[in-house]
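Subject: Structure for your attention

Dear colleague,

I am passing on the structure we spoke about, and below it you will find my notes on what came out of going through it. Please read them with the structure open beside you.

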Amino acid sequence: MAEFEIISEPNCLSQESADGFRTLIAPGSSNVILLCGVSAIDASLACRLRERALAGTWVIWESALIACEAREFATQARILREVFGVNLMQPVALSPDQLRTTGMFIHYRWPSAALTRSFSSVIPVACARAETIAWYGNTPVAMRRRFGSGGLVFLGSMLGPNLRAEEREAHAIVTRMVAATGPSSRDRTTSATG
Amino acid sequence: MKKSIGDNIFPKGVSFENGLQLLKRAGYDGVELWLGEREWFQIGSTDSQMREMRQKIEDAGLRVSNISNSLDWKENVSARDASKREAAFRHIQRQIEAAQIFNTDAILIVAGLVTSDAPYNEVYKRTLDSLKKLAPDAAAAKVKIGVENCCSEQKFLLSPREFNAFLSDVDSPWVGIHLDVGNIHDTGFAEQWIEILGPKITRVHLKDVHTHRGRCGNQSVYTNIFLGDNNWRAIRDAFTKVGYDGWLIAEMEAKYTYAPDQQIYDTAAAMNRVISGNL
């Protein structure tokens, strides 16, 4: 069975997310790198990922900046802005009142119209040359942007835990996301910070 | 989505025909017929009588959303007493026949009653066997059996995960869940039941529930839509999430001391808000 290349961090949230993504079956030849629940990707790894994107890889970057210190957030946000042109706003913790009024679910438009569970907080995202692919209420929380032959899909609301919880809709979203990004050469699985 | 409500909420003294007219005026699309509840629909009702009822329903501009029964509480497929189990099979098979006569494709049953005398694992096995036996009849009639989640009353299949696993054990596309979003009480969350059971939902019962109240003497935990503790936005979104676009059937306790027909109108208005998502 083919495997995705997965980058995760040695904390519970990232590992839980990686477990979720591992439930997916990679297409025979996949050119997708999954960053599962990450919050501390350093600049050099980010630059290498950008190079790979330019060469045809799709980087699906699931952020766990919802559960980090302010300095950690600022550092990661700067790297994403400088390397990928993605602007992150401060995470929004979803209070019980907000969940009641705005709802429990993230609305995806790409790769297909679907709803999936929110995960405690969302990271609003903006990128001038990107397509917003998911919203929480009116807040964009996921986007995709092409770089050369590949690109970046940034997830400001986590999908990995939903995959691990066997949520059908999350499975369909990510499966279609991978399919829409197209196949290329196969890479090995890694598990380390960059 | 379409709105329906049971014929068991027709105000006392109102005839079947006038009850249908009331539903039509209130804006319902259909009616849920309860076998064994009102005098016009009993186990002894003939096919001919049912066809007459169907004509009246269609003349009123309505359809039948599903056929339910109030007999399972006394004659259940999980009963130790073989005669009660056989009676349950008979009335369920009559429900399936009625569904065909009334041109609907779903029935509601309550399957599995756990008591101090009838222990859980025994009820599980017997209920599973019974549904596997009924599934071919449902398949042949193209009528889905919706097993209702009466969690608190049945003390059986108390979580969405267990209910889902049970239906997987039955392993028939003709046996699913008739999901009642009010019956979950404080043991869980209706939207999570919807999310987990999604494709297996045959029909939905709508009502609200006071989860903090618990069972207290004569006080009911159930109440009208929007007056209880259900998260209606989450419930509505969950329907969208799983792609459920079928019948919503209000199952209300008759609460209005005065102007009982007003409850029917008020419930229809609340259901419109649920359907439109204007919450």
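Leaving aside its neighbours within four places in sequence, which residues is A:Leu35 in contact with? The model is a predicted one, and in it the contacts of A:Leu35 beyond that sequence window are A:Ile7, A:Ile41, A:Val59, A:Ile60, A:Trp61 and A:Glu62. I begin with A:Leu35 since, together with A:Ile60, A:Leu35 touches the most other members of the largest nonpolar core, which has 138 residues. As a general background, nonpolar side chains in soluble globular proteins tend to be buried together.

The strands around this position come next. Strand E2 of chain A, residues 32–38, has 7 of its 7 residues buried, and it is therefore largely enclosed by the rest of the structure. Strand E1 of chain A (residues 5–7) runs parallel to E2(A) and is joined to it by 3 bridges, with A:Leu34 in E2(A) as the bridge partner of A:Ile6. E2(A) is also joined to strand E3 of chain A (residues 58–63), again in parallel, by 5 bridges, and here A:Ile33 has A:Val59 in E3(A) as its bridge partner. Between E2(A) and E3(A) the chain passes through helix H2 of chain A, residues 43–54, in a β-α-β crossover that is right-handed.

A second position that I would ask you to look at is A:Thr181, which lies in helix H6 of chain A, residues 168–181. A:Thr181 counts as buried because it has 22 C-beta neighbours inside 10 Å, the cut-off for that class being 20 or more. Not counting residues up to four places away in sequence, A:Thr181 touches A:Val32 and A:Trp58. Its C-alpha atom is separated by 9.4 Å from that of A:Gly56, although the two residues are 125 residues apart along the chain.

Turning to how the chains meet, 8 residues of chain B are in contact with 7 residues of chain A. On the side of chain B that touches chain A, helix H8 of chain B (residues 232–242) gives the most, with 5 residues, and the residues of that side divide into 1 nonpolar, 3 polar and 4 charged.

As for the predictor's own scores, the complex is given an ipTM of 0.86 and a pTM of 0.92, while chain B has a mean pLDDT of 96, with 99% of its residues at 70 or more.

With best wishes

Methods: Residues numbered from 1 in each chain as written. Chains lettered and ligands numbered in written order. Predicted model: local features only at pLDDT ≥ 70, side-chain atom pairs only at ≥ 80, totals over all residues. Buried ≥ 20, exposed ≤ 12 C-beta atoms within 10 Å, placed from the backbone. Helix = DSSP H or I, 4+ residues; strand = E, 2+ residues; numbered from the N terminus. Pairing = 2+ DSSP bridges. Right-handed = clockwise from strand over helix to strand, strands pointing away. Contact = placed C-beta atoms within 7 Å. Nonpolar A, V, L, I, M, F, W, Y, C, P; charged D, E, K, R; others polar. Core = buried A, V, L, I, M, F, W, Y, C linked by C-beta atoms within 7 Å. pLDDT = per-residue confidence, 0-100.
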